[in-house]
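Visitor: I've got a few minutes and a fresh model to look at. Could you walk me through it?

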Amino acid sequence: MHMTGGRIREVVASLLARPDEIMLEIGAGGELLVARLRAALAAMLLLLPLANALGGGGINETIIGLGGALVVNVFAQVWLSLARRRRLYRWLPFASSAFDVTATTLVLVALAANHLPAGLNSLIVWCGYILAILLTALRSDGRIALFAGTLAIGQYGLLVLAVFALASSPEQLLSSDYGSVTLGSQAQRLVLLMMFTLITAMVVYRMQRLVELSGTDGLTRLPNRTWLLHRVPRLFDSVRHDGDSLTLALIDLDHFKRINDAHGHHAGDRALRHVVAVLRELAEPGEWLVRIGGEEFVLLLRKPIGTAWERVDAIRRALGERPFQPERGADAMPLSFSAGLAGFPHEGSDLSRLLRRADGRLQQAKLQGRNKVVARDG
Ligand SMILES: Nc1nc2c(ncn2[C@@H]2O[C@H](COP(=O)(O)OP(=O)(O)OP(=O)(O)O)[C@@H](O)[C@H]2O)c(=O)[nH]1
């Protein structure tokens, strides 16, 4: 894979950015999945000290392993109950992944307190870091993957320094069960943690791009119906919370079939991009344009229906002043749309009701001769 400096900067910026609403929504679902998986893994963790005891391992290590596994099981249930709540706690993924990493470190510290080489050479417990880092990939938030990886590298690095500082002689770092602890092998483990962090971060990046693609219309790069379905419930919540109004405008281009028939499908595509460019240029903050079908768009305006009507009508007039040129040398042709408006929450408290109401008014606009915006039932 060839990555230029600019591309690397783009990947890093995207991983460090706070995900948008949809990605956070998916991340919240991911948090619940992580919490369920953690609970299952924690239960399986209880088997490890058991296997150690059955395999003739030391009693102290078995007790430390069992104690660690029990604590992880109790916390796993706490994280699960928090993730099940409807409320989105922004700190929860950071706190729970910090717990996953720190639990591993604490078990390693306990092992080191019992027998120094065990703290650094216990491969089984060290794998807890790998699990903690890999789990973050399910949250589709690059910041959490990088946070967990950095924390694991930091904590393990400090443990290595502490053990080497505490060992008064090289013999103390030799063990018949765990082999010899060397700086070289510890450096390798730190590099491995970096590699796992990098891979996990790239998985998150790919996942974010795929989600982005599934919510974007390929022709106009506008958000699509999938985006609308995911975004609208949160937008409704926020409008309700702030006591604001929201208007949904259903926009349909007039006689669009004629452009395709007269100039071909490619010209039709360019006409769609022309309309979107004009609408984008005119869009103000608090307005979201979505392509929901062929030549059908939804414009969401955080405004009461009267003000929204004035806005959409101004956009309709502005589009009329920007004719579309189907081919070089051909006469420019004026484009127009008809629109039906519906207000949230008084005319519909969910998306399908609002769309139905707006569609009725759009049909009225078409029947009344097109190039018209209708905000009331006639
Ligand atoms: N070029 C192109 N055409 C599209 C696209 N999506 C839908 N269309 C065309 O848009 C046209 C819509 O036609 P109709 O639903 O009959 O509506 P209309 O011609 O706009 O007429 P009114 O809506 O009644 O004003 C059809 O010819 C579709 O093929 C697209 O992505 N590209």
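Visitor: Let's start with helix 5 and helix 8: which hand does their crossing have, and are they roughly parallel or roughly perpendicular?

Guide: Keep in mind that this is a predicted model. The crossing of helix 5 and helix 8 is right-handed. Helix 5 covers residues 92-114 and helix 8 covers residues 142-166, and they pack with their axes 9 Å apart at an angle of about 20°. Angles under 35 degrees count as roughly parallel, so for helix 5 and helix 8 the word is roughly parallel.

Visitor: On to the sheet. Which strands stand at its edges?

Guide: The sheet is open and has 5 strands in the order 4-5-3-6-7, with mixed pairing. An edge strand has a single partner, so one of its sides is left without a neighbour in the sheet. That description fits strand 4 (287-291) and strand 7 (373-374).

Visitor: How is strand 4 joined to strand 5, and what is the bridge partner of V290?

Guide: Strand 4 and strand 5 (residues 296-301) run antiparallel, with 5 bridges joining them. Within strand 5, the bridge partner of V290 is V298.

Visitor: And strand 3, is it buried or exposed?

Guide: On one side, L246, L248, L250 and D252 are all buried, and on the other so are T247, A249, I251 and L253. Both faces are therefore covered, and the rest of the structure largely encloses strand 3, with 8 of its 8 residues buried.

Visitor: How many bridges does strand 3 make with strand 5, and how many with strand 6?

Guide: Strand 3 runs antiparallel to strand 5, and T247 has L301 as its bridge partner there. With strand 6 the pairing is also in the antiparallel sense, and L253 is matched with F337. The counts are 6 bridges to strand 5 and 8 bridges to strand 6.

Visitor: Now the ligand. Which element gives the largest share of the shell around it?

Guide: There are 16 residues around the ligand, and D254, F256, K257, G268 and G294 come nearest. Strand 3 (246-253), helix 11 (256-263) and helix 12 (265-282) each give two or more residues to that shell. By type, the shell divides into 4 nonpolar, 5 polar and 7 charged residues. The largest share, 4 residues, comes from helix 12.

Visitor: What is odd about the backbone at H255, and is that residue buried or exposed?

Guide: Most residues other than glycine have a negative phi. H255, in the loop between strand 3 and helix 11, has a positive phi of about 45° although it is not a glycine. It has 12 C-beta neighbours inside 10 Å, so H255 counts as exposed.

Visitor: Where is N371, and how exposed is it?

Guide: N371 sits in the loop between helix 14 and strand 7. Its phi is positive too, near 50°. With 19 other C-beta atoms within 10 Å, and 20 or more needed for buried, N371 is partly exposed.

Visitor: Which peptide bond is cis?

Guide: Most peptide bonds are trans. P345 lies in the loop between strand 6 (337-344) and helix 14 (351-367). Omega is near 5° for the cis bond, which runs from F344 to P345.

Visitor: Last one: how far apart in space are E284 and L301?

Guide: E284 is in the loop between helix 12 and strand 4, and with 9 C-beta neighbours inside 10 Å it counts as exposed. E284 and L301 are 17 residues apart in sequence, and from C-alpha to C-alpha the distance is 9.0 Å.

Key
Residues are numbered from 1 along each chain as its sequence is written. This is a predicted model: local features need pLDDT of at least 70, side-chain atom pairs count only at pLDDT 80 or more; totals for chains, interfaces and linings use all residues. A residue is near a molecule or strand if its C-beta atom, placed from the backbone, lies within 6 Å of it. Ala, Val, Leu, Ile, Met, Phe, Trp, Tyr, Cys and Pro count as nonpolar, Asp, Glu, Lys and Arg as charged, and the others, Gly among them, as polar. Two strands pair if DSSP finds at least two bridges between them. Axes are lines fitted to C-alpha atoms, for helices over the stretch in contact, and angles run from 0 to 180 degrees between N-to-C directions. Angles under 35 degrees count as roughly parallel, over 145 as roughly antiparallel, 65 to 115 as roughly perpendicular and the rest as oblique. A crossing is left-handed if the near helix is turned anticlockwise from the far one by less than a right angle, and right-handed if clockwise.
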